[in-house]
Amino acid sequence: MPTVQVGDLKDDDFLLDVREDDEWQAGHAEGALHIPISEFVGRYGELTEAAPQDGRVHVICRSGGRSAQVTMYLVQQGIDAVNVDGGMQFWAATGRRVVTDEGNPGSVL
């Protein structure tokens, strides 16, 4: 499975967060697109509209399990997608900013 380390991500990389609503509301990466895994198939069109045409989709969840499932689905659809190893737990542990919808400091559930 295609995987990328949190430290290898650039600030302008397209990030898809597949955690559930309560996790997202507690804190997320600024600028990420949020489509919970439980709603992903039904909301797939939102991703194809928002993702860069020839760019890569970096998929993230809490620790990497759910995002791995979505990454595999996207790859099967012909999309250049990679799983963010360690998820939001590693994101926060490496000092990357975690925010709420209001822009305040957030936390990872």
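Is Phe 40 buried or exposed, and what is its relative accessible area? The points below take up this residue and then its surroundings in the predicted model.

1. **Phe 40.** Phe 40 is buried, and its relative accessible area is 3%. This residue lies in the loop between strand E3 (33-34) and H2. Phe 40 also belongs to the largest nonpolar core, where it is among the residues that touch the most other members.

2. **The aromatic cluster.** The model contains three aromatic pairs. In one of them, the ring centres of Phe 40 and Tyr 44 are 6.1 Å apart and the planes stand at 80 degrees, so this pair is edge-to-face. Phe 40 and Tyr 44 are both buried. Phe 40 also pairs with Tyr 73: here the centres are 5.9 Å apart and the planes are at 90 degrees, so this pair is edge-to-face. Because Phe 40 sits in the loop between E3 and H2 while Tyr 73 sits in helix H3, the pair ties together parts that are 33 residues apart in sequence. Tyr 73 has a relative accessibility of 27% and therefore counts as partly exposed. Through these ring pairs, Phe 40, Tyr 44 and Tyr 73 form a cluster.

3. **The largest nonpolar core.** This core has 15 residues, and those that touch the most other members are Leu 16, Phe 40, Leu 47, Val 57, Val 59, Val 70 and Leu 74. At least two residues of the core come from each of strand E2 (14-17), helix H2 (44-50), strand E4 (57-60) and helix H3 (65-76). Another core, of 13 residues, lies apart from this one; Ala 32, Val 82, Val 84 and Trp 91 are among its residues.

4. **The length of helix H3.** Does the distance between the ends of H3 agree or disagree with its 12 residues? At 1.5 Å a residue, H3 should span 16 Å, and its end C-alpha atoms are 17 Å apart, which agrees.

5. **The two sides of H3.** The buried residues of H3 are Ser 67, Ala 68, Val 70, Thr 71 and Leu 74. Because these residues cover an arc of only 165 degrees around the axis, they are on the same side of H3. An α-helix has 3.6 residues a turn, so residues three or four places apart point the same way. Gln 69 and Gln 76, on the other side of H3, are exposed. The elements that cover the buried residues of H3 include E2, H2, E4 and strand E5 (81-85). Just after the helix, Gly 78 has a positive phi of about 85 degrees.

6. **Val 70 and Leu 74.** Which residues do these two members of the core touch, beyond those within four places in sequence? Val 70 is in contact with Leu 16, Val 18, Ile 37, Phe 40 and Val 59. Leu 74, which lies in helix H3, touches Leu 16, Phe 40, Tyr 44, Leu 47, Val 57, Val 59, Ile 79 and Ala 81. Leu 74 is buried, with a relative accessible area of 0%. Between Leu 74 and Gly 86, the separation is 12 residues in sequence and 19 Å in space, C-alpha to C-alpha.

7. **Phe 14.** This residue of strand E2 is buried, with a relative accessible area of 17%. Leaving aside neighbours within four places in sequence, Phe 14 is in contact with Leu 33, Leu 47, Ala 50, Ala 51, Pro 52, Arg 56, Val 57 and His 58. Phe 14 and Ala 81 are 67 residues apart in sequence, while their C-alpha atoms are 10.0 Å apart in space.

8. **Glu 46 and Gly 55.** Glu 46 belongs to helix H2 and counts as partly exposed, at 36% relative accessibility. Apart from residues up to four places away in sequence, Glu 46 touches Leu 33 and Ile 35. The C-alpha atoms of Glu 46 and Ile 35 are 8.3 Å apart, and the two residues are 11 residues apart in sequence. Gly 55 lies in the loop between H2 and E4 and, at 23% relative accessibility, also counts as partly exposed. Gly 55 and Ala 81 are 26 residues apart in sequence, with 8.8 Å in space from C-alpha to C-alpha.

9. **A charge over a ring.** Arg 96 lies over the face of Trp 91, at 4.9 Å from the ring centre. Trp 91 is one of the residues of the 13-residue core.

Key:
Residues numbered from 1 in each chain as written. Predicted model: local features only at pLDDT ≥ 70, side-chain atom pairs only at ≥ 80, totals over all residues. Heavy atoms only, no water. Core = buried A, V, L, I, M, F, W, Y, C linked by side-chain atoms within 4.5 Å. Buried < 20%, exposed > 50% of the residue type's maximum accessible area, 1.4 Å probe, protein only. Helix = DSSP H or I, 4+ residues; strand = E, 2+ residues; numbered from the N terminus. Contact = heavy atoms within 4.5 Å. Expected span 1.5 Å × (residues − 1). Arc of directions from axis to C-beta. Phe/Tyr/Trp six-rings, centres within 6.5 Å; stacked < 30°, edge-to-face > 60°. Lys NZ or Arg CZ within 6 Å of the ring centre and 35° of its normal.
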